Amino acid sequence: MEAGEVTPESLRRVAVASFIGTAIEFYDFYIYGTAAALVLDQAFFPTLDPVNATLASFSTYAVAFAARPIGSVIFGHFGDRVGRKSVLVASLLLMGLSTALVGLLPGYGTWGVWAPLLLILLRFLQGIGLGGEWGGAALLAVEHAPRGKRGLYAAFPQLGPSVGFSAATGVFWLLSATLSDEAFRGWGWRVPFLLSFLLVGVGLFVRLRISETPVFAKAVRAQEASKAPALDVLRRHPRELLLGAGGMVVAYGLFYTATTYCLSYATGALRVPRDTMLGLSLAACLFLAAGTWFAATRSDGAGRRRLVLAGTGLAAVWGLVLFPLLDTGRPVLIALALGGALFCMGVVYGPMGAYLPELFAANVRYSGASLAYNLGGVLGGAVSPLVATRLQAAFGSSAVGWYVSAMAVVSLACVLALPETRERELA
């Protein structure tokens, strides 16, 4: 099949490839967040007191978010000049191998200070890889999709995080339920990281079988490639870049508060058993998948902007009930708290797979969409567990809920300033 040729078979292959690729890469990213909440503080920062060890663990977690915009610039540059497909293969390799090496890294007791330093380096490389992943996967789906079905096809890469997080949480839950606490903290937590070696092979097999997108192939034929895509984004699309990043803040904030921080908070402060909390987080992933699919598929008819605004409005309200439900310590209400937060996140996140790419011109689309997506991650994902830990220690859990609602209001204001894009031509 020639580059740019679209057939029903190629569309199915693209949908599968964009879904599997993001699922694998987000599995890699999320297992680190789970490990950071459960064991990395003791494995790599045993000399610190509990609060500072938790903050140190979450700080290594945040390093990847700082690296993701850099990955967006690097991979976006080549994605806008060389093509979407080859860059996606490179991002998968970098992300997967750096993840797997975390599973082989000795702890502080063996390598001393070198252990956390190398952990930070591997986490940084993870962030570089993921910085190039989402934009390419979204463009792979959106630029292949027929007009009027871009939201539908973009739903597939947007479901990747739901499945990736479910897989990551499920593996940790299984290990936690079957191993003793000593075995889990000694070696069991490494198993999810080592599985990345296998998953990289699967992802490469799928991605090497897809074609280049027809929109990029047309831009190449017209000799419209940008020489410096990131600079062109800053010159031609600064408004879309900043407002798109602001619109993503609440999606990241909801996700990493409801998963990484709440997992640490519930197992520590509330004394909820680790395997119980992992099981509840796994159940909450169903709400994320449902919200993502519902909003993404309906955005072709109702509009991207309208659904994202609905999701941010719901999130502003849910932030105020998240911790009162969580603080009850009752499993059913904890599941409701987490599930509601992740459903709101899904309603915002689902349409973004088509919305962000549609904001940018074809020859800078990879760079623009990736930068907006990952800058939102710095503001919403990197700092959320850190801010939440400090707020809870100083003012109690209700302050964390107000913080979530404030992020939702910021995103709401940004999306209100953006136009609707579902009718735009991509070429």
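These exercises work through helix packing, burial, cysteines and one backbone angle in a predicted model.

**Exercise 1. Helix length**

Work out what span the 19 residues of α4 should have, and compare it with the distance between the end C-alpha atoms.

Solution. Helix α4 covers residues 84-102. The expected span is 1.5 Å times one less than the number of residues. For α4 this gives 27 Å. The end C-alpha atoms are 28 Å apart, which agrees.

**Exercise 2. Packing of α4 and α10**

Classify the packing of α4 against α10 as parallel or antiparallel, then describe the contact by residue class.

Solution. Start with the geometry. Helix α10 spans residues 196-207, and its axis lies 9 Å from that of α4. The angle is about 175°. Angles over 145 degrees count as roughly antiparallel. The two helices are therefore roughly antiparallel to each other.

Next, list the contact. From α4 come Lys85, Leu88, Val89, Ser91, Leu92, Leu93, Gly96, Leu97, Thr99 and Ala100. From α10 come Ser196, Phe197, Val200, Gly203, Leu204 and Arg207. Now sort them: 9 are nonpolar, 5 polar and 2 charged.

Last, check burial along α4. Its buried residues include Leu88, Val89, Ser91, Leu92, Gly96, Thr99 and Ala100. Arg84 is also among the buried residues of α4.

**Exercise 3. The setting of Ser176**

Decide whether Ser176 is buried or exposed, and find which residues Ser176 touches.

Solution. Locate the residue: Ser176 sits in helix α7, residues 150-178. Its relative accessible area is 8%. The cut-off for buried is under 20%, so Ser176 is buried. Leave out residues up to four places away in sequence; Ser176 then touches Phe184, Arg274, Asp275 and Leu278.

**Exercise 4. Cysteines**

Find how many disulfides the model has, and give the nearest cysteine sulfur for Cys262 and for Cys344.

Solution. A disulfide needs two cysteine sulfur atoms within 2.5 Å. The count by this rule is 0. For Cys262, the nearest cysteine sulfur belongs to Cys285, 13 Å away. Cys262 is buried, at 0% relative accessibility. For Cys344, the nearest is that of Cys262, also 13 Å away. Cys344 is buried too, at 4%.

**Exercise 5. A positive phi**

State what is notable about the phi of Arg271, and where Arg271 is found.

Solution. Most residues other than glycine have a negative phi. Arg271 is not a glycine, yet its phi is positive, about 60°. Arg271 lies in the loop between α13 (238-268) and α14 (274-302). With a relative accessible area of 69%, Arg271 is exposed.

Definitions and conventions
Residues numbered from 1 in each chain as written. Predicted model: local features only at pLDDT ≥ 70, side-chain atom pairs only at ≥ 80, totals over all residues. Heavy atoms only, no water. Axes fitted to C-alpha atoms, helices over the stretch in contact; angles between N-to-C directions. Helix = DSSP H or I, 4+ residues; strand = E, 2+ residues; numbered from the N terminus. Parallel < 35°, antiparallel > 145°, perpendicular 65-115°, else oblique. Contact = heavy atoms within 4.5 Å. Nonpolar A, V, L, I, M, F, W, Y, C, P; charged D, E, K, R; others polar. Buried < 20%, exposed > 50% of the residue type's maximum accessible area, 1.4 Å probe, protein only.
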